[in-house]
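Reader: I should be grateful for a close examination of the salt bridges in this structure and of their surroundings. Please set out the reasoning in one connected account.

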Amino acid sequence: GFSFGGAASSELAYVLGESAEGASQLWIYKHQFKPARVRFTDDKQVAWDVHFSDYSSQAAGEWFPRQVLVHKGAEPVLRMTTLKGDPKPKLPDALF
């Protein structure tokens, strides 16, 4: 595994994929077995890096991360923070 999350909140993660620069990878938190990070390069050779963190927040419980951070190359392009989540939403039958 690899250490992930910085000095303040270091977690171990399994890394699936090649270690070469620009290779696609899926990082899985070792103790939670939930996605930690996805790295890939698109067909235009742009590197993407998506981080998932804080699966223990009151907003989403343990089933969805509180934060999702997306980087396109070295530039942050999206930061999502979960404020409230419902693991069993009521969906109309007409949707299916």
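Author: In this predicted model, a convenient starting point is Asp-54, which counts as partly exposed because its relative accessibility is 30%, and partly exposed denotes the range between under 20% (buried) and over 50% (exposed). Asp-54 is found in the loop between β5 and β6. Its backbone deserves attention as well: Asp-54 is not a glycine, yet it has a positive phi of about 65°. As a general matter, most residues other than glycine have a negative phi.

The side chain of Asp-54 meets that of Arg-66 in a salt bridge, with an N to O distance of 2.7 Å. Asp-54 and Arg-66 both lie in the loop between β5 and β6 (67-72), so the pair ties together parts that are twelve residues apart in sequence. Arg-66 has a relative accessibility of 29% and therefore counts as partly exposed.

By the rule of a side-chain nitrogen of Lys or Arg within 4 Å of a carboxyl oxygen of Asp or Glu, the count comes to two salt bridges. The general background is that side chains of opposite charge can pair when their charged atoms come close.

The other pair is Arg-37 with Asp-49, whose closest N and O atoms are 2.6 Å apart. Here the partners belong to strands: Arg-37 lies in β4 (residues 35-41) and Asp-49 in β5 (residues 47-53), so this salt bridge ties together parts that are twelve residues apart in sequence. Both Arg-37 and Asp-49 are buried. For Asp-49 the relative accessibility is 13%, and Asp-49 therefore counts as buried, the cut-off being under 20%.

The surroundings of Asp-49 can be described further. Its side chain makes a polar contact with the side chain of Arg-37 at 2.6 Å, and another with the side chain of His-51 at 3.4 Å. When residues up to four places away in sequence are not counted, Asp-49 touches Arg-37, Val-38 and Arg-39, together with Leu-69, Val-70 and His-71.

A final remark on the backbone concerns Phe-33, a residue other than glycine with a positive phi, near 55°. Phe-33 is found in the loop between β3 (25-29) and β4. With a relative accessible area of 65%, Phe-33 is exposed, whereas Asp-54, the other residue described here with a positive phi, is partly exposed at 30%.

Technical notes. Residues numbered from 1 in each chain as written. Predicted model: local features only at pLDDT ≥ 70, side-chain atom pairs only at ≥ 80, totals over all residues. Heavy atoms only, no water. Helix = DSSP H or I, 4+ residues; strand = E, 2+ residues; numbered from the N terminus. Buried < 20%, exposed > 50% of the residue type's maximum accessible area, 1.4 Å probe, protein only. Polar contact = N/O pair within 3.5 Å; in protein donor to acceptor, adjacent residues only side chain to side chain. Contact = heavy atoms within 4.5 Å.
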